[in-house]
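Visitor: I would like a close look at a single part of this structure. Please take one spot and go through its surroundings, then move outward.

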Amino acid sequence: MLQEFKNHIEINFPELLQNPFLLACSGGVDSVVLSYLCAQNNMNFSIAHCNFKLRGKDSDTDEKFVRQLTIDLDVNYFSTSFNTESYMSKNKVSLQVAARELRYKWFARILKENGLKTVVTAHQADDNLETFIINLSRGTGVNGLTGIPIRTKLATRPLLTFTRAQILTYASDEGIKWREDATNKETKYLRNKIRHEIVPTLKKLHPTFLQNFKNTQEYLQETALLASDYINLLKKELFIKNENAVEVSIALLQQYKPNKTYIYALFREYGFTEWEDVVGLLTAVSGKEVYSKTHRLVKGRDVLVLQELKEPQHKLYYIDEHTHFIKEPISLKIEEVAAVSKIDLDTIYVNKRELEYPLVLRKWKEGDFFYPFGLKGKKKLSKFFKDQKMNLISKEEQWLLCSGDRIVWVVGKRADDRFKIDGDFGKILKIYLLK
């Protein structure tokens with residue numbers, strides 16, 4: 001197995017031979033064998049161990065075992081412990097989800113602080129089969145059946161082509177010791193139930209079942225890749241990017257059948273799960289929204305608007321009389337000038353004596369109105385936004401420069417006529433947007 005692993009790394013993971021990396025080691029047979037394989041191939045790595053404090057003394061003994069392993073292999077060691085049960089309760093997630101989120105957040109921090117590019121984990125072929133069955137049982141598309149990815153932005157998994165039997169044989173032949181987690185035998189957990197009751201039965205169906213499964217997954221991965229390439233081409237046609245969001249024409253989207261399948265493929269990467277609600281946006285009233293953890297999808301008049309979620313900004317930003325430059329929340333420069341010169345959407349000239357300090361930068365709210373420069377009378381901002389054909393997200397992103405209760409400038413869009421330079425004026429202020 002050592003030579004096979006070496007060849008596998010040289011062909012498929014040459015970056016692990018060129019750059020130092022972090023190796024996640026629980027003390028179990030898979031990660032311990034991986035540690036030995038990497039050490040015997042003179043790879044530059046550090047070991048990281050998480051103590052989840054779930055099995056009392058056994059958890060602490062695992063930690064001591066891995067610490068000794070790092071001494072034996074002469075590699076750097078990182079360790080931490082988590083109050084996993086508290087995290088589960090606070091975030092209302094399962095044990096498996098809690099452990100995964102905790103360890104990968106910690107791994108990411110180690111990588112960043114130490115200039116490392118990846119964490120190597122010991123997932124192997126049997127793990128991949130178990131994940132396939134779990135996803136199949138829960139209902140999934142093609143992507144859910146392609147198994148554990150060999151690479152992500154954070155992790156690399158070079159053992160995925162090796163079976164548990166190969167790993168156990170190598171450990172036995174080399175006299176490698178490891179720690180057994182007694183909970184791995186408990187079938188109350190779904191993965192363990194699949195591992196101990198379903199997978200052995202499947203392997204009995206055919207002597208080369210696991211290899212056949214690996215071949216099937218390769219075909220599925222190739223199919224998923226073709227589908228992904230097509231969807232990316234479709235996105236270039238349908239997804240129109242603007243400053244704050246992405247717009248998708250509803251009329252064009254409705255031409256693709258079956259509609260739900262295309263919508264799933266186009267928007268799945270943004271974390272949406274309520275697909276009936278997403279499809280329902282096509283015929284919903286304007287302003288209807290569907291949220292994922294990271295994005296929202298909004299029904300416009302004739303488009304769907306996709307936006308990444310950000311922290312809401314209800315904060316007021318104050319500008320005193322002596323301020324000449326601000327960079328938050330937008331960049332503005334304020335200066336006194338002798339005369340009015342070129343006027344454009346990013347520049348206004350105002351009569352300073354008409355201003356009430358401090359000036360305020362804020363977002364718009366229902367009922368806001370102003371007196372558009374060059375027009376007679378006042379106009380509600382909601383009507384102005386409609387005339388400008390601004391979508392909901394653009395309206396939410398719009399900043400207003402205000403003097404007391406009066407709007408001086410819909411920034412980058414239109415000045416207020418009440419503050420214009422006209423007749424007997426005092427000091428002229430030039431206020432302009434820096435991009």
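Guide: What follows starts at one histidine and then turns to the helices. The model is predicted.

Take His 295 to begin with. His 295 lies in strand S9, which spans residues 295-299. Its relative accessible area is 13%. The cut-off for buried is under 20%, so His 295 counts as buried. The side chain of His 295 makes a polar contact with that of Thr 294, at 2.8 Å. Leaving aside residues up to four places away in sequence, His 295 touches Tyr 270, Phe 272 and Val 290. The run Leu 306, Gln 307, Glu 308 and Leu 309 is also in contact with His 295.

Now the helices. In H1, residues 2-12, the buried residues are Phe 5, His 8 and Ile 9. They cover an arc of only 95° around the axis, so they sit on the same side of H1. An α-helix has 3.6 residues a turn, so residues three or four places apart point the same way. The cover over the buried residues of H1 includes helix H2 (15-18) and helix H3 (29-40).

Next, a helix pair. H11 (residues 209-238) packs against H13 (residues 259-267). Their axes are 10 Å apart, and the angle is about 90°. H11 is therefore roughly perpendicular to H13. From H11, the contact uses Tyr 230, Ile 231, Leu 234, Lys 235 and Leu 238. H13 supplies Tyr 262, Ala 265 and Leu 266. By class, the contact between H11 and H13 has seven nonpolar residues, one charged residue and no polar ones.

Key: Residues numbered from 1 in each chain as written. Predicted model: local features only at pLDDT ≥ 70, side-chain atom pairs only at ≥ 80, totals over all residues. Heavy atoms only, no water. Helix = DSSP H or I, 4+ residues; strand = E, 2+ residues; numbered from the N terminus. Buried < 20%, exposed > 50% of the residue type's maximum accessible area, 1.4 Å probe, protein only. Polar contact = N/O pair within 3.5 Å; in protein donor to acceptor, adjacent residues only side chain to side chain. Contact = heavy atoms within 4.5 Å. Arc of directions from axis to C-beta. Axes fitted to C-alpha atoms, helices over the stretch in contact; angles between N-to-C directions. Parallel < 35°, antiparallel > 145°, perpendicular 65-115°, else oblique. Nonpolar A, V, L, I, M, F, W, Y, C, P; charged D, E, K, R; others polar.
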